[in-house]
Amino acid sequence: MDIDIDIRSTLFSGQSFLWNIIDYNGESYGSVINSVPVMIRQLSVGEIEVTAESNLISGRNLSEFFSHYFTVDIANNSVFPNSFQDLYPEVWELLSGYFSLKILRQDFFETMISFMCAQGIGMHLIRKQVSMLAKTYGEQRVLSLEERDLDLYNFPSPCHLAEADPTSLSRCTNNNRVRATNIILAAQSVADGTLDLNALRDPQLPLAELRNMLCQNSGIGYKIADCIALFGLGRFDAFPIDTHVKQYLAKWFGSSVALRSLSPATYLMLDAEARLFLNPDLAGYGGHQLFHCWRKEVKRLRSF
DNA sequence: CTCCAGGTGGCGA
DNA sequence: TCGCCACATGGA
């Protein structure tokens, strides 16, 4: 009865976990992960078993969808190169409780907007912003459970955010008007096709090009672009470097570059450094496990 | 009160 | 290129 999938991985609001209408092979599925019992077991690499006690979660091909969503095609023991354990035995020991932590293949737009809310503030505030965006601009979905009703909200569509007024939207972004404006502009670029999703989703697109395309939007720098690529485009080679990653690169891997301030130039240097001891194709996947390990085991932070 | 939190963009030297 | 600074709020 072991559950080998750890879903604490992202998102700030948990909207993707809580409620999401998913179109899959022309059928519509709802997923309510944290509020309604959903049993997900990984039987082997690429094989998953899903049991749900909710009529919202039903339909054929359910396991197939969740296998994709929970990236069970990425074997837990394939994330780090073989040399890692020998080179960094202390880190490996700490990491042992994090190998089941999965990155999810999440919705692109929700990921983009959520990470645009994640600049220089704490996790609590980031979640609050995304929840407010959903509640203010998303569609309400009432889920009736036996004990109570849950008010849930879809993440708003690009069109809905594109039409939003900066002043009213800024109430959802810590009253930060710049951020509100950037979100509206980004939503417009998705809605009108300026940001070409088909081009972004091309797996052959080099990471640097992908990053530069995303950075055309005001409010998106290297870090946010890498987060969008990693969590919203399934680009597990993207390695976002934030304040925590910078810290563990210095402490765990002895990077002197990580002691400098995080300018675009140092960002690219750290990115290149990390690929020397991480599996380059899964650098962000491994980096995410290191990220949570660092926050919990070293920084002793409660929230993830 | 001070410092930091899953950053970005504008500014002057 | 590099170091500051504003942006805004809240928890430790």
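I noted first that helices (H or I, at least four residues) and strands (E, at least two) are DSSP runs, numbered from the N terminus.

**Ground rules.** This is a predicted model, where local features need pLDDT of at least 70, side-chain atom pairs count only at pLDDT 80 or more, and totals for chains, interfaces and linings use all residues. Residues are numbered from 1 along each chain as its sequence is written, chains are lettered from A and ligands numbered from 1 in the order in which they are written, and side-chain values use heavy atoms, with hydrogens and water left out.

**DNA strand C.** I looked up which residues are near DNA strand C (a heavy atom within 4 Å of it). The list includes Lys128, Asn175, Arg177 and Ser261. I saw that helix H6 (123–137) and helix H9 (177–191) each supply at least two residues of this surface. I then sorted the surface residues into 3 nonpolar, 6 polar and 2 charged, with Gly counted as polar.

**Phosphates.** Of the strand C atoms within 4 Å of the protein, 83% belong to sugar or phosphate. I checked polar contacts next (pairs of N or O atoms within 3.5 Å). A side-chain N or O atom of asparagine 175 is 2.4 Å from a phosphate oxygen of DNA strand C. Arginine 177 uses a backbone N or O atom, 2.5 Å from a phosphate oxygen of the strand.

**Cysteines.** I searched for disulfides (cysteine sulfur atoms within 2.5 Å) and counted 0. For cysteine 117, the nearest cysteine sulfur, in cysteine 172, is 8.8 Å away. Why is cysteine 159 in no bond with cysteine 172? Its sulfur is 18 Å from that of cysteine 172, the closest one, so it is too far for a bond.

Conventions: A polar contact is a pair of N or O atoms within 3.5 Å; within protein, one must be able to donate a hydrogen and the other to accept it, and residues adjacent in sequence count only if both atoms are side-chain atoms.
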